[in-house]
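Hi,

Here is the structure I said I would pass on. Have a look first, then read my notes below.

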Amino acid sequence: MSANLLILGGTTEASALARTVAERGLTATFSYAGRVNSPRPQPIPHRVGGFGGVEGLAAYLRDHNISHVIDATHPFAAQMSWNAYHACTQTGVPLVALTRPPWQARDGDDWTHVPDMARAVAAVAGAPKRVMLALGKLHMEDFAAQPDNHYVLRLVDQPETPPTLPHHTVTVARGPFTIEGDTALFRAQGIELVVCKNAGGAGAEAKLHAARDLGLPVVMIDRPDLPPRDEVATVDGVFTWIDAH
């Protein structure tokens, strides 16, 4: 049977994989979660939205004769990764994760590691400050529990309804970002603290360089528990894995 890939995407790495898949003429479908209004165009067929949990994804794999699943979702998309793991286990479809290595603190970094979003919210308590929330739209409302801060929100899309944060600024931008751009943004907004997830990868790393250069502390949210599965760190690694499966 010829390969028929399902790429669970949304990341820069997923897009790079899609381009190589198209260049090689392989059959594949790119799946977006649907969390942004204007997802990047892809050179292969794509779908948008969830599958309906584990059973829905398992049915999709069977109905579409999927031969391999590549989980190239964001490292914090834990629910999707677990759904993929269980659906592939049920159906016997091989699964690999195209995973970004996590960021590591370097000399000059001032990171406070926290295990989850609730601890990140707690970490911004205290005297009012200007906080860069580099988290996307899903968790910004959590920080209403610390209403005295002014939050700068960097989002891919302008929010349809204003955030409930009493003091905030929205900046709309799509990565990859540059060190010069993030340094200028932090200076212009008077940022005193950065909150981010340890997503890894180069596309969003500029904020860490900017924070280091400006001497800003960072609240770093560590990655959630993810399922046991084969993992590769490069697009070439995906094709080596496919050849072996």
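The buried residues of α1 are covered by, among others, β1 (4–8), β2 (27–32), β4 (68–71), β5 (95–98) and α7 (235–244). Helices (H or I, at least four residues) and strands (E, at least two) are DSSP runs, numbered from the N terminus. This is a predicted model, where local features need pLDDT of at least 70 and side-chain atom pairs count only at pLDDT 80 or more, while totals for chains, interfaces and linings use all residues. Residues are numbered from 1 along each chain as its sequence is written, and side-chain values use heavy atoms, with hydrogens and water left out.

Which residues of α1 are buried (under 20% relative accessible area, 1.4 Å probe, protein chains only)? They are E13, A14, S15, L17, A18, T20 and V21. Just after this helix, G25 has a positive phi of about 70°.

Now the inside. The largest nonpolar core (buried Ala, Val, Leu, Ile, Met, Phe, Trp, Tyr and Cys residues joined through side-chain atoms within 4.5 Å) has 20 residues, and I7, L17, V21 and I70 have the most contacts inside it. At least two residues each come from β1, α1, β2, β5 and α7, with α7 giving the largest share, 5 residues.

As for the sheet, 6 strands form an open one in the order β3-β2-β1-β4-β5-β12, with parallel pairing (two strands pair if DSSP finds at least two bridges between them). β3 (46–48) and β12 (230–232) each have a single partner strand, so one side of each lacks a neighbour in the sheet.

Cheers

Methods
Buried means under 20% relative accessible area, exposed over 50%, partly exposed in between (1.4 Å probe, protein chains only). Contact means heavy atoms within 4.5 Å.
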